[in-house]
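Here are some exercises to work through with the model open in your viewer. Try each task before you read its solution.

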Amino acid sequence: MKSKVIKEDNYVIGQDIERDLDLLIAECKANLPRVDENLIRKAFHFCVEAHKKDVRASGEPYYTHPLEVARIVIDEIPLDGASVIAALLHDVVEDTEYSLKDIRAEFGATVADIVDGATKINDIFKSHEIKQAENYRKLLLSMVNDVRVILVKFADRLHNMRTLDFVKPEKQQRIARETLDIYAPFAHRFGLGKIKWELEDLSFKYLNREAYDDIKKELRGTRQERQEYIRNFAAPIEERLKEHNIKFEISGRPKHIYSIYNKMVARGKGFDELYDLFAVRVILDTKDNNDCFLAYGIISEIFTPVPERFKNYISVPKKNGYQSLHTTVIGNDGKRVEVQIRTREMHEVAEQGVAAHFKYKSETVKNVSWVEDKDLEEWANWVRDVFENAGDEAHEEVLESFKLNLYQDEIYIFTPKGELRIIPKGSTPVDFAFEIHTQVGNRCIGAKVNGKIVPLDYKLHTGDQVEILTSKNQTPNRDWERFVITHKAKSQIRKFLNEEKRLKQVEGKEMWMRKAKKLNLHINEDELEKILTSLKFDNPTEFYFALGSGSLNVDIAADMIREKLLPGAPLVPNFEQAPVDKSFDSYAKTARDSSNGIYITADGKASSGVLYSYAKCCNPVPGDDIVGVVTIGTGIKVHRRICKNALEMMEKIRA
């Protein structure tokens, strides 16, 4: 089932409205299983009328943009009639006097909901704050109800990128960065391989024009050589496949420009030094997946395969539905050649992802629903999972986490019962535990991989069988955040730790209120905040947490605060001098002197007499969880383990 694009020579969109409409209808009939011609004509005329006063930056009538978006929906992401109508109307509510109520009255609730979702995504990016966690949640939420919203938005962004030459350079940069950070990764997750590649290349064109032009020139210069190589490579394969009466298509696909650039950077090589610049694709016109393995056997007889480069995505598809056999063979001249083998249907899904999946489903099931179709549930569940676990992370953390989970290669892990789970490459047992269930993750105390105990930060590999060991007394700790990689694991760990901190704060506040009442201390929040600032607490919440977590004794705290209430006591901290809090200094000195001091352990033996000092930034006392940092001149500087300065230093060391 191959999409057809209707072309007319010497015809330019926007010069003749009625010819534009006739072309649109012809393409619908050629590519969509069912077409309500009257409704599409009505939507087209509605679009033209609504945008009649608007002009694009290129000087074209504005209606040509929604028209081209609709054509992308028809030709490149073949969806359905409702998607085409929504594409024609996707800018109407935002840019014209017509409302969503008008759309719903004229074209029904389904179209109105898709238009509404696309409009909300536009609103998200209007502020240019693409790193805001709340904006991600809105974006994801708009996709939960109807995946066609984001697919129409992909088409909209693709046409905008194709016509980006007509806007100012600053806007080009912003839109290109937004596309590379957000739309390309989402296109990858939805299996839209062809669109993902084009979005990446077009973004790269505006973000690094010099490198883009250089690689494009090199590819153009070697095109004839590549075509000749592919013809010679394919000839014996074609001959053998014909002997087995298999209908096929063989083509050479050059790697896209952004991918080549990343390879050059990662390997530190120039264009001429890269040999894997293209892949040979064998597409079989068959419904029998076993024919792909037959073709693989034939190719392996002709050329020597590289065993470690064989990947079977047919038996175990990727999460985005991608299926294919991948192998690398040694060509006649000693060059390595990547070969992909797949059926025609697999190829459609690889290029068009969830849209192609829905298209094939609609051929056999009348009135198939985007919402109720079980085969599409995987995409919707992933969206819901990310949405529900978005939490309140910092902007940069959300962005990086999303990109990581959208783009990352996958590995295949088995449970003790033999159930298969697909998780990102680089995942640890803790990531796997959270993949199974949030409570399994929270209570994970250890793991067995292939029957052997491994550390919690162990990197899992494809084929591993993983058993998670749990304990009802175990809870997540902050160290886990350092090595887990999945968005779900990171967000659930943060969620638990934030809730634990909140409860400690509540507990600490209750302790203080009881103590203040017992001592008959009458102090309002403003006065308390001033005193706590002088005691080097950033805010009352930090003070309450110190009490609740036990790092500060409530009796000591009461003594310090009462001292500050005495007439003439300074309330403004002098950060350039030694701490003004003599009460705390006295307490710390007494506590430290009464302890046995600091001992450095080596080879099981403790030794004293080592030069050390206590960090003033966090003032550790006996009972605190501490860490030592070796310094020049002052020996070992002792910090509380949760000290921001210590954490930053440890991160630098790990980096």
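**Exercise 1. What share of the contacts with a separation of 6 or more comes from residues 24 or more positions apart, and how does the chain look overall?**

Solution. Start with the contacts: among those in the chain with a separation of 6 or more, 63% join residues 24 or more positions apart. Bear in mind that this is a predicted model. Next, go through the secondary structure, which comes to 27 helices and 16 strands. Then turn to burial: 47% of the 655 residues count as buried. Finish with the surface, where the accessible area of the chain is about 33800 Å² and carbon and sulfur atoms hold 49% of it.

**Exercise 2. Find the largest nonpolar core. Which residues have the most contacts inside it, and which helix gives it the largest share?**

Solution. The core in question has 62 residues, and Leu24, Leu89, Ile103, Val111 and Phe154 have the most contacts inside it. Its largest share, eight residues, comes from helix H9, residues 148-162. Apart from this core lies another one, made of 25 residues, including Ile230, Val280, Phe303 and Leu325.

Now pick Leu89 and list what it touches, leaving out residues up to four places away in sequence. You should get Ala43, Phe46, Cys47, Ile103, Phe107, Val111 and Val115. Ile103 and Val111 in that list are also among the core residues with the most contacts.

**Exercise 3. Take helix H6. Which of its residues are buried, and why do they line one face?**

Solution. First, mark the buried residues of H6 (residues 100-107): Leu100, Ile103 and Phe107. Second, look down the axis: the buried residues of H6 fall within an arc of 60°, so they line one face of the helix. The general rule helps here: an α-helix has 3.6 residues a turn, so residues three or four places apart point the same way. Third, check the other side of H6, where Lys101 and Ala105 are exposed. Last, step past the end of the helix: Gly108 follows H6 and has a positive phi, near 95°.

**Exercise 4. Ser203 and Ser324: where does each sit, and is each buried or exposed?**

Solution. Ser203 is part of helix H11, residues 193-207. Its relative accessible area is 0%, so Ser203 is buried, given the cut-off of under 20%. Beyond its neighbours up to four places away in sequence, Ser203 touches Met161, Ala176, Thr179 and Leu180.

Ser324, by contrast, belongs to a loop, the one between strand E4 (311-312) and strand E5 (325-330). Ser324 is also buried, because its relative accessibility is 0%. With residues up to four places away in sequence set aside, Ser324 touches Lys311, Asn312, Tyr313, Ile314, Gln340, Ile341 and Arg342. One of these gets a closer look: the side chains of Ser324 and Arg342 are joined by a polar contact of 3.4 Å. Finally, try a C-alpha to C-alpha distance: Ser324 and Ala350 are 8.5 Å apart in space, with their positions 26 residues apart in sequence.

**Exercise 5. How many disulfides does a search of the whole structure find, and what surrounds Gln474?**

Solution. The search of the whole structure comes back with zero disulfides. Two cysteines to look at are Cys292, which is buried because its relative accessibility is 0%, and Cys444, also buried with a relative accessible area of 0%.

From Cys444, move to Gln474. A polar atom of the Gln474 side chain lies 3.0 Å from the backbone oxygen of Cys444. Gln474 itself is in the loop between strand E11 (466-470) and helix H21 (478-483). At 19% relative accessibility Gln474 counts as buried, because the cut-off is under 20%. Its contacts, not counting residues up to four places away in sequence, are Asn442, Arg443, Cys444, Ile445 and Trp480.

**Exercise 6. What is phi near in Asn450 and in Asn520, and where are these residues placed?**

Solution. Asn450 has a positive phi, near 55°, though it is not a glycine. Its place is in the loop between strand E9 (444-449) and strand E10 (452-454). With a relative accessible area of 47%, Asn450 is partly exposed.

Asn520 has a positive phi too, near 60°. You'll find Asn520 in the loop between helix H22 (487-518) and helix H23 (525-534). Its relative accessible area is 54%, so Asn520 is exposed, the cut-off being over 50%.

How values were computed:
Residues numbered from 1 in each chain as written. Predicted model: local features only at pLDDT ≥ 70, side-chain atom pairs only at ≥ 80, totals over all residues. Heavy atoms only, no water. Core = buried A, V, L, I, M, F, W, Y, C linked by side-chain atoms within 4.5 Å. Buried < 20%, exposed > 50% of the residue type's maximum accessible area, 1.4 Å probe, protein only. Helix = DSSP H or I, 4+ residues; strand = E, 2+ residues; numbered from the N terminus. Contact = heavy atoms within 4.5 Å. Polar contact = N/O pair within 3.5 Å; in protein donor to acceptor, adjacent residues only side chain to side chain. Disulfide = S-S within 2.5 Å. Arc of directions from axis to C-beta. Areas by Shrake-Rupley, 256 points an atom, 1.4 Å probe, with all protein chains shown as cover.
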